Amino acid sequence: LKLKPCILGTVAAQTSMASQEHLLSAAARLWSEIRGELQEKDGEDEGSLADSPPVPPEELKKIAKWCQQTVTKFGASAAVAEGPKDPALQPIAGEVVKAFTAAAGTLLAVRRGAGACLRAELRDVGAGLAEATDQLGAAVGTSNMAVCAGKALDRVKHLDRISPHNKAAQRRKILTSLTQLRDANRELAETLKSAAKKADGDDDDEDEEDEDDLDLGDFDADDLDPEERQVVEAVAAAASALEDLLKRASQACAPKADDAAPSVAELEVVAASSVAAVNAVDGLAAHAMGGLDVKAFAGSLKELRDAASGFDIAFVREAASNLCSALDRVQAALDAVPAEA
């Protein structure tokens, strides 16, 4: 007897969960069966990205509302039930599983034509909801029931807020990168401010408290030589240029009717590049403050240049050019640092 791979996977999942069966186990089994459909597939982004929502946003809201109602009802009923074997819980558990099944089916529907950003959201939301539902079922009759019910409702909120289409997911990814970048920009600015004050002999407790709030670790402004300070200033300027670029990119994700609007495929590249670029900026800041690590800094600078190549797209090309010029100035400042630094 030969079983298809998908059936073998289902049997394995059911076997591994046999010792943990509970009223909501069917939801976890379902997720084990379908989660592979949300995984990455080679070549699927080549001309297949959807421009419009495959599922109406109001339908997504309706499914999320259903999940919220059934989880709330199950949590309230389980709190007064006589343990997990209470017959009164079975029909309510069935409602939860039905709602979860509808949610999973909706995620699969949104998956059609989804780019990397949206696929990542779908996997995260689906996995989080499945895990929370499974924990909710296992918590019936325990002191952890209320906590698990709260976690399940929180995961339902993620379902309610999921991006309905590619551009929404891309914009969310870019805005997340922008938030991370602004934190780095603020830290770099405060580092330079602290260094300037120490150079002027103006160092007070209030400034020390500000540095503590920024989690600068063991950084001491006296650790910056004049050449190293020039490097930090150049990094701050490059980070600002990147911030301007990401602002433009996030605005371009809004629906537009004109021909100048970037394509979904172009925004996908920019969103992916934004993550790599911001992580590289974090690396530059970490390797520049508290003593310049030239080798590690150069590595992060190369990573940022590589990421910046993904911004060579018409709608952000001017901002990308400004960023590249700023990176040239970072390289010039690094080259000016004495070899013993």
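Okay, let's start with what I mean by a helix here: a DSSP run, H or I, of at least four residues, numbered from the N terminus. With that in hand, read the protein chain along its sequence and you get α-α-α-α-α-α-α-α-α-α-α-α. In totals, that's twelve helices and zero strands. One thing to keep in mind as I talk: this is a predicted model.

So, the chain as a whole. There are 341 residues in the protein chain, and 43% of them count as buried. Now take the contacts with a separation of 6 or more: 80% of those are between residues 24 or more positions apart.

Here's an example of two residues that are far apart in sequence. Gln 251 sits in helix H9, which covers residues 226-252. Go 80 residues away in sequence and you find Arg 171, yet the C-alpha atoms of Gln 251 and Arg 171 are 8.0 Å apart in space. Is Gln 251 buried or exposed? Gln 251 counts as exposed because its relative accessible area is 53%, and the cut-off for exposed is over 50%.

Next, the cysteines. How many disulfides does the count come to? Zero. Take Cys 117: the nearest cysteine sulfur belongs to Cys 253, and that's 8.6 Å away, with Cys 117 in no disulfide. For a disulfide, the two sulfurs would have to be within 2.5 Å. Cys 117 is also buried, because its relative accessible area is 6%, and the cut-off for buried is under 20%. Cys 148 counts as buried too, at 6% relative accessibility.

Let's look at one serine a bit more closely. Ser 77 is part of helix H3, residues 57-80. Its side chain reaches the backbone oxygen of Lys 73, at 2.9 Å. And if you leave out residues up to four places away in sequence, Ser 77 touches Leu 89 and Ile 92.

Now for the empty spaces. Rolling a probe the size of a water molecule over the atoms is how we see where empty space is left.

Pockets, to begin with. The largest pocket has a volume of about 210 Å³. Which elements give two or more residues to its lining? Helix H5, residues 116-138, and helix H7, residues 166-199. H5 has the largest share, with five residues. Our buried cysteine, Cys 117, turns up in this lining, along with residues including Glu 121, Asp 124, His 158, Arg 172 and Thr 176. Sort the lining of the largest pocket by class and you have five nonpolar, two polar and five charged residues.

Then there are the cavities. The count comes to three cavities of 30 Å³ or more, and the largest cavity has a volume of about 60 Å³. Who lines the largest cavity? Among them are Cys 67, Thr 70, Val 96, Phe 100, Leu 129 and Val 156. H3, helix H4 (89-111) and H5 each supply at least two residues of that lining. So we've met H3 before, as the helix that holds Ser 77.

What classes of residue make up the lining of the largest cavity? Seven are nonpolar, two are polar, and none are charged. Put that beside the largest pocket, where five of the lining residues are charged.

That's my tour, from the helices to the cavities. Thanks for listening!

Technical notes: Residues are numbered from 1 along each chain as its sequence is written. This is a predicted model: local features need pLDDT of at least 70, side-chain atom pairs count only at pLDDT 80 or more; totals for chains, interfaces and linings use all residues. Side-chain values use heavy atoms; hydrogens and water are left out. Buried means under 20% relative accessible area, exposed over 50%, partly exposed in between (1.4 Å probe, protein chains only). A polar contact is a pair of N or O atoms within 3.5 Å; within protein, one must be able to donate a hydrogen and the other to accept it, and residues adjacent in sequence count only if both atoms are side-chain atoms. Contact means heavy atoms within 4.5 Å. On a 1 Å grid over the protein atoms alone, a cavity is a set of points where a 1.4 Å probe fits but cannot get out, and a pocket is an open set with protein on both sides within 12 Å along at least five of seven lines; lining residues have an atom within 4 Å of a point. Grid points are joined across faces, edges and corners, and a volume is the space filled by probe spheres set on the points. Ala, Val, Leu, Ile, Met, Phe, Trp, Tyr, Cys and Pro count as nonpolar, Asp, Glu, Lys and Arg as charged, and the others, Gly among them, as polar.
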